[in-house]
Amino acid sequence: MHLHRALTAIFDFDNTFARDLDGFYAPQAPEPVREPAMVRFNRPLATLLGLDADALDSPAGAAIFAGNSMPEGATPLAQAYAGHQFGGFNPQLGDGRAVLLGELLGTDGRRYDLALKGSGRTPFSRGGDGRAALGPVLREYLVGEAMHALGVPTTRALAAVTTGETVYRDRPLPGAVLARVASSHLRVGTFQFFAARGLTHFVEPLLHYAIGRHDPAASDDPNPALAFLRGVAERQASLVARWMHLGFVHGVMNTDNTTISGETIDYGPCAFLEAHDPRAVFSSIDTMGRYAYGQQPTIMQWNLTRLAETLLPLVDPDEARSLALASEVLRSFVARFDHEWLAGARRKLGLVDEREDDDALARDWVALLADQHVDHTLAWRRLADVDALRPMFTDPGALDGWLARWRERVDGRGLDDRLRAANPRIIPRNHRVEEAIDAAYAGDLSVFDRLLDAVRDPFGDDPRHDDLAEPAPPGFLDGYQTFCGT
């Protein structure tokens, strides 16, 4: 008992959401599970959070992350939010299978949420079982760590635990819980929940809380609500530009999956491009291609418009003026995204200065990849090895014409190093993720561990990872679909 008390006391929670936003959540403890067991524990993240990794990477730690043992200072709750899902508004979603335990101050001085995903039913479960299966938990763990290593703002997994119970999806599967860390779990849908009910007196404290947590400078702006909207738009423009450069397809860009922090959240039906294709869709539920790879910037602007609608009464009491001010911010999203995209393209092309025709050079390169169905990740990486790049193109002549323009533009000094530092060799390719999940279901986590080790070093040239850098075998992507799964 003494050891157990010591372990639950190592979390130094400071729970501002629970303390400052009464009425924005339902108190909810996790549902205990039969037999919690640690699958994997993220020691580097634990260190960032100021936690004792040795103590938590244990059976007692597994009990905490499964929801069987409540840490001292936690205030478990299910957050309320709404959301547009594939364009249709659902006024009440909320945490249907997640519980926020509380907030931790990291060693970097930043505040982080710690939540359990798959921890059982809540008042927002809408008939669901509130549970998660092992495969989707491992997918989120793996892809979150990959995105972090790639420099993309993201939620991350602190731990994955199995429950000793079975969940039923298309087949019986081992249950699991993911301990997820985020800068916050505030979403566009959080604002929508209250605005849709005409509760402006709730939207205003939510705005002030979000400003304090993510946009403190906005509090000194003459128009804090407008400054806040601008900050969210800028973060999301940067985020989506990074997705586009990586060939990442989120798959379910609903407003409840659009964070105020600008972090990627909810790795359900996500995937990475193989052949570059703006129309690529991998999600089994995105039958109309709403969230296709090339649509992501447009959809993000649409989602931000929904956020702006919730803030209009706080931007200006004059409706026409409020709409005009918010519309200006929304229009500026396009220019901001284009700026972020071009800045990223310059880095990936190895350019060290800026010239007017860089945008055309970069967009012509991407169009060439799409036209000849070239592997997105390898094409960028092999700019540092043109002899290996040329065989990837069915029409090498078209490539040669573009290469001549690029060589004339680029400074060759240190070029190879710049290209390798900007263009990853390793991403969590879809077939490798599926292999890791299938092996885990069969009781073998070595495949997962090997892939995790590789995606944490995406820019390296470790020969042990050579096979993990290769595209999927022919035919793998024919009809390939991903699922929300959790």
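Two residues are in contact when heavy atoms of theirs lie within 4.5 Å. With that in hand, here is a first tour of this predicted model. Among the contacts in the protein with a separation of 6 or more, 73% are between residues 24 or more positions apart.

## The whole protein

The secondary structure comes to 18 helices and 12 strands. Taken along the principal axes, the C-alpha atoms fill a box of roughly 70 × 60 × 40 Å. How does the radius of gyration of the protein agree with that of a compact globule? With 486 residues, such a globule would have a value near 23 Å, and the protein has 23 Å, so the two agree.

Of the 486 residues, 57% count as buried. The protein exposes about 19,400 Å², and carbon and sulfur atoms supply 52% of that area.

## A helix on the inside

Helix α7 covers residues 188–195. Seven of its eight residues are buried, so α7 is largely enclosed by the rest of the structure. The buried ones are Val188, Gly189, Thr190, Phe191, Gln192, Phe193 and Phe194. What do these buried residues pack against? They meet two strands, β4 (83–85) and β5 (88–90), along with the helices α8 (200–214), α9 (224–246) and α10 (296–315).

## Two crossings of helices

Two of the partners of α7, namely α8 and α10, also meet each other. Their axes come within 10 Å and cross at roughly 95°. Angles of 65 to 115 degrees count as roughly perpendicular, and that makes α8 roughly perpendicular to α10. On the α8 side, the contact is made by Thr200, Val203, Glu204 and Leu207; on the α10 side, by Thr310, Leu311, Pro313 and Leu314. These residues divide into five nonpolar, two polar and one charged.

Further along the chain, helix α11 (residues 319–349) meets helix α12 (residues 358–371). Their axes come within 10 Å and cross at roughly 75°, and α11 and α12 are therefore roughly perpendicular to each other. From α11, the contact draws on Asp338, Trp341, Leu342, Ala345, Arg346 and Leu349. From α12 come Asp358, Asp359, Leu361, Ala362, Arg363, Trp365 and Val366. What kinds of residues make up the contact of α11 with α12? They divide into eight nonpolar, no polar and five charged.

## Some residues to look up

The table gathers the relative accessible area of a few residues, with the class each one falls into.

| Residue | Relative accessible area | Class |
|---|---|---|
| Phe272 | 2% | buried |
| Leu383 | 3% | buried |
| Gln28 | 18% | buried |
| Phe86 | 28% | partly exposed |
| Arg126 | 56% | exposed |

Phe272 sits in strand β12 (residues 271–272). Leaving aside neighbours within four places in sequence, Phe272 is in contact with Val143, Met147, Leu246, Gly247, Phe248, Phe282, Ile427, Pro428 and Asn430. How far from Phe272 is Arg405 in space? The two are 28 Å apart, C-alpha to C-alpha, and 133 residues apart in sequence.

Leu383 is found in the loop between α13 (376–381) and α14 (386–389). Neighbours within four places aside, its contacts are Lys348, Leu349, Trp365, Leu389, Trp402, Leu403, Trp406 and Leu419. Among them, Leu349 and Trp365 may look familiar: Leu349 of α11 and Trp365 of α12 also take part in the contact of those helices. Leu116 is 267 residues from Leu383 along the chain, and their C-alpha atoms are separated by 42 Å.

Gln28 lies in the loop between β1 (25–27) and β2 (37–41). Is this loop residue buried or exposed? Gln28 is buried, with a relative accessible area of 18%, because buried means under 20%. Not counting residues up to four places away in sequence, Gln28 touches Pro76, Leu77, Ala78, Val99, Arg121, Thr122 and Pro123.

Finally, here are two residues with a notable backbone angle. Phe86, in the loop between β4 and β5, has a phi near 55°, a positive value in a residue other than glycine. Arg126, in the loop between β7 (111–117) and β8 (132–133), has a phi near 50°, again positive in a residue other than glycine. Phe86 is partly exposed, whereas Arg126 is exposed.

Notes
Residues are numbered from 1 along each chain as its sequence is written. This is a predicted model: local features need pLDDT of at least 70, side-chain atom pairs count only at pLDDT 80 or more; totals for chains, interfaces and linings use all residues. Side-chain values use heavy atoms; hydrogens and water are left out. Axes are lines fitted to C-alpha atoms, for helices over the stretch in contact, and angles run from 0 to 180 degrees between N-to-C directions. Helices (H or I, at least four residues) and strands (E, at least two) are DSSP runs, numbered from the N terminus. Angles under 35 degrees count as roughly parallel, over 145 as roughly antiparallel, 65 to 115 as roughly perpendicular and the rest as oblique. Ala, Val, Leu, Ile, Met, Phe, Trp, Tyr, Cys and Pro count as nonpolar, Asp, Glu, Lys and Arg as charged, and the others, Gly among them, as polar. Buried means under 20% relative accessible area, exposed over 50%, partly exposed in between (1.4 Å probe, protein chains only). The radius of gyration is taken over C-alpha atoms; the globule rule is 2.2 Å times the number of residues to the power 0.38. Accessible areas come from the Shrake-Rupley method with a 1.4 Å probe; for residues, only the protein chains shown count as cover.
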